[in-house]
Amino acid sequence: MTQPRDGGEVGELKLLGLWSSPFVTRAKLALQIKGLSYEYVEEDLSNKSELLLSSNPVHKAVPVLIHDGKPVCESSVIVQYIDDAFAGTGASFLPADPYNRAVARFWAAFLEDKLVKSWGRVFSTKADEERAEAMRETIAAAGVLESGLKECSGGQGPFFGGDSVGYVDVLLGGMVSWIKAAEPLSGAKIIDAATTPLLAAWMGRICELDAAKAVLPDVDAVVEYARGVQARVAAAAAEN
Amino acid sequence: MAGEQQQPETELVLLDFWVSPFGQRCRIALAEKGLPYEYSEQDLLGAKSDLLLRSNPVHKKVPVLLHAGRPVCESLAILAYLDEAFPDAAGPALLPSAADPYARARARFWAAYSDRVYEAGTRLWKLKGGEARAKLQARAEIVEVLGNLDAELGEKEFFGGEVFGLVDVALVPFVPWLPSYERYGEFSVEETAPRLAAWARRCAERESVARSLHPPEKVDEFITLLKKVYGIE
């Protein structure tokens, strides 16, 4: 069991997840960056375990991080929890200054409310025109996020956290395989060196991290998984 | 507290809209912390002010807290900011202490979840007369959300235990909207979430809440106005 650098007790960590979920990958990335050992449990979402249902009765979703038997749910809450509970271990994801923390939280909220939400509609919407509109909104959101990266990094480095991996880097980092899958799936790039150069450079640097190499799912596998989801949505629509 | 003389280098200004529950979260937190600030009513139904557009160019929405001219946007980020930037302010912190990361995680989870009351409630009143199935879904959702909140509150005085904390501040502004949601959704908060109903009555006794929230009748008038604006029967 890896010990955190301050030599303190880590306790027992268990992560309930799904290999393809970008939200689960966020949690894995945070744990990996902090050098924390954990037991990973792959869930079958069509047959949810008792542990998952009792640990996350409200959403019945992954990821769930269970630390010494206590469950933490929602990927952004999990990443902040890892930062708080293992504060002595490596650099903090959130900066120290209250204003900079507020800026990071703003962009984390933007990522969820705009980019992730539109993107989710690309996979859940049955109508072609609605799907295309959702994709346009996702790409537009990436354009705005580019300015967020500029604001957060303050010219100090390639990451939202400047020269170190921060909160927004982990939240967006967990999604990288899906970002790369966008082009094979839809023909359009969400992050593009021509239109979002800072984000393109960001993505290159994230992928160089040992932690990212260890946890990011294979892009081809994600493409195949996504095609499966889209086929099921289309089949359900055809039945109605 | 609103309108008290302030030092320019620490000046707080809140860009807000009278009925916004997200703005009310901030007003309540500022009052609980005894922090003086200038309240600036924004005209959201007309042309948005230059100050608002400059301060929140991404969303052009309220609330925005300006601290010595620097904007903080997103109501929950503003609440965390008030805790962190003003550690010596009155009252306990909204968030549990850093010594209890698990309690913090729970507070963040439930504060974010409280938004679901507004989301589901909004779907209810935005539905047109003929959308029976969508109405049943929205009703089922809000009933489930209120039930989950009721269970989380349990027998505690507040979601923060003895402390009127982050989740309490995040959720209480939606209370005046509940009678409208009850009518549109044909359900009862007293039946669905009796402990939550009692909590709402307790919160109403706090000065910060009483002074920041509007009566349900005013909120209902506003919903009726919005329905006209959106052309909903």
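These questions and answers cover how chain B meets chain A in a predicted model, how the two domains of chain B meet, and one hairpin of chain A.

Local features in this predicted model need pLDDT of at least 70, side-chain atom pairs count only at pLDDT 80 or more, and totals for chains, interfaces and linings use all residues. Residues are numbered from 1 along each chain as its sequence is written, chains are lettered from A and ligands numbered from 1 in the order in which they are written, and side-chain values use heavy atoms, with hydrogens and water left out.

User: How many residues of chain B are in contact with chain A?

Analyst: Contact means heavy atoms within 4.5 Å. By that rule chain A contributes 24 residues. The number from chain B is 24 residues.

User: What area do chain B and chain A bury between them, and which residues of chain B lose the most?

Analyst: Buried area is the accessible area (1.4 Å probe) that two parts lose on being put together, summed over both. For chain B and chain A this is about 2,200 Å², with 66% of it on carbon and sulfur atoms. Three residues of chain B together account for 29% of what that side buries, and they are B:Tyr102, B:Arg108 and B:Phe109.

User: Which residue of chain A forms a salt bridge with B:Glu84?

Analyst: A salt bridge is a side-chain nitrogen of Lys or Arg within 4 Å of a carboxyl oxygen of Asp or Glu. The count between chain B and chain A is three. In the one that involves B:Glu84, the closest N and O atoms are 3.3 Å apart, and the partner is A:Arg105.

User: Which helices hold the two residues of this pair?

Analyst: Helices (H or I, at least four residues) and strands (E, at least two) are DSSP runs, numbered from the N terminus. The side chains of A:Arg105 and B:Glu84 meet in the salt bridge. The pair crosses between chains, from helix α4 (residues 98–124) of chain A to B:Glu84 in chain B's helix α3.

User: What are the domains of chain B, and how far apart are their centres?

Analyst: Domain bounds come from an automatic or database domain assignment. Chain B is divided into domain 1 (12–85) and domain 2 (101–229). Taken over C-alpha atoms, the centres of these domains are separated by 21 Å.

User: Which three residues supply 33% of the area that domain 1 of chain B buries against domain 2 of chain B?

Analyst: The two domains of chain B bury about 1,600 Å² between them, 73% of it on carbon and sulfur atoms. Within the share of domain 1, no other three residues give more than B:Trp18, B:Arg25 and B:Ile28.

User: Which residue meets B:Arg206 in a salt bridge?

Analyst: Between domain 1 of chain B and domain 2 of chain B the count is two salt bridges. In one of them, B:Arg206 has an N to O distance of 3.0 Å, and the partner is B:Glu32.

User: How many bridges join β3 and β4 of chain A, and which residue in the turn has a positive phi?

Analyst: Two strands pair if DSSP finds at least two bridges between them. Strand β3 (residues 64–67) and strand β4 (residues 70–73) of chain A run antiparallel and are joined by four bridges. One bridge pairs A:Val64 with A:Cys73. The strands form a hairpin with two residues between them, and the turn residue with a positive phi, about 50°, is A:Asp68.
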